[in-house]
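User: Hi! I would like to go through some of the labels used for this model and see what stands behind each one.

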Amino acid sequence: MGNRFGWFVGHLTLLFCSLRYSLSYIFFQSSSRWARFSYRTAFVAAAATYGIVVYKAFRARARSSGRQQPGALNLLGDENVQYLLMALVWLFSYQIPLALLPFTVYSVFHVATYTRANLIPTIQPPQQTPSTSAGASPGGRPASKHSSPLADTIGRFVKEYYDASMMLVASLEIFLWFRVLFSAAIFTRGSWILLAVYTIFVRARYSQSSFVQGAVGQGVDRVDALVANQSTPPVARQAWETVKRLGRQATDATDLGRYAGGGQAGKKAQ
């Protein structure tokens, strides 16, 4: 219970810090002391939450398999490990506001799910409504439990918007790669190292997440439609075909599934 509650507090802290930093960014105060504090604290909270999940998974594997632990590639294939490492990378890198958004979207759903499953039943336990026939005979229907309307609303929200939000996260992560690429193109300090690290992260996400694959596919289709226009110069079409060919070659060359024992997908990020 302690680790689980700490995990919840971490995600809640991330949400508050993201909101605080967003307000500073909107009012052009992203360089203020409070904005910097909120930005760094958000990633500290993110690292703490994913660290808790990784630690619990590590202990569970240790109990079930004794001393045997997964290799480095299998460990890095865990999505929670990937997000833990990226939270630490963003924590010690220069500020990129867009980097907060994927973590924030995840935290919205984690906080909502924990609130529905743990907080609301604790504050307002489900009420039992006995059936009218329950006392008449031993065969009467048992009492039914009525959950909180707020819990039902949260459940519908999570169910209705989860897939769309995960696609949003995937699109944000891809767009963030182009943002880092732009920083590298103008030779921002440390940007080339950050670009290399984040490229590895995005490649891992592409191999594991159907949402990232869908977002990439949608982006490619949109560019294909633009390039197919008759007004597009032939040079631009050739350049786009070259980019796609190089992208496919890079994807095949960096497929770690062949090295990590069949490319099993890591656990869903928590």
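User: Why is Phe8 called buried?

Analyst: Happy to explain! Phe8 has a relative accessible area of 7%, and buried means under 20%, exposed over 50% and partly exposed in between (1.4 Å probe, protein chains only), so Phe8 is buried. This is a predicted model, where local features need pLDDT (the predictor's confidence in each residue, from 0 to 100) of at least 70, side-chain atom pairs count only at pLDDT 80 or more, and totals for chains, interfaces and linings use all residues. Residues are numbered from 1 along each chain as its sequence is written, and side-chain values use heavy atoms, leaving out hydrogens and water.

User: And what makes Phe5 partly exposed?

Analyst: Its relative accessibility is 40%, so Phe5 counts as partly exposed.

User: Why is the pair of Phe5 and Phe8 called tilted?

Analyst: Rings of Phe, Tyr and Trp (its six-membered ring) pair if their centres lie within 6.5 Å; planes under 30 degrees apart are stacked, over 60 edge-to-face and the rest tilted. For Phe5 and Phe8 the centres are 6.1 Å apart and the planes at 40 degrees, so the pair is tilted.

User: What makes Phe109 and Phe157 a stacked pair?

Analyst: Here the centres are 5.6 Å apart, with 15 degrees between the planes, and the pair is stacked. Phe109 and Phe157 are 48 residues apart, and their pair links distant parts of the chain.

User: Which of the words buried or partly exposed fits Phe109, and which fits Phe157?

Analyst: Phe109, at 5% relative accessibility, counts as buried, while Phe157, at 35%, counts as partly exposed.

Definitions and conventions:
Helices (H or I, at least four residues) and strands (E, at least two) are DSSP runs, numbered from the N terminus.
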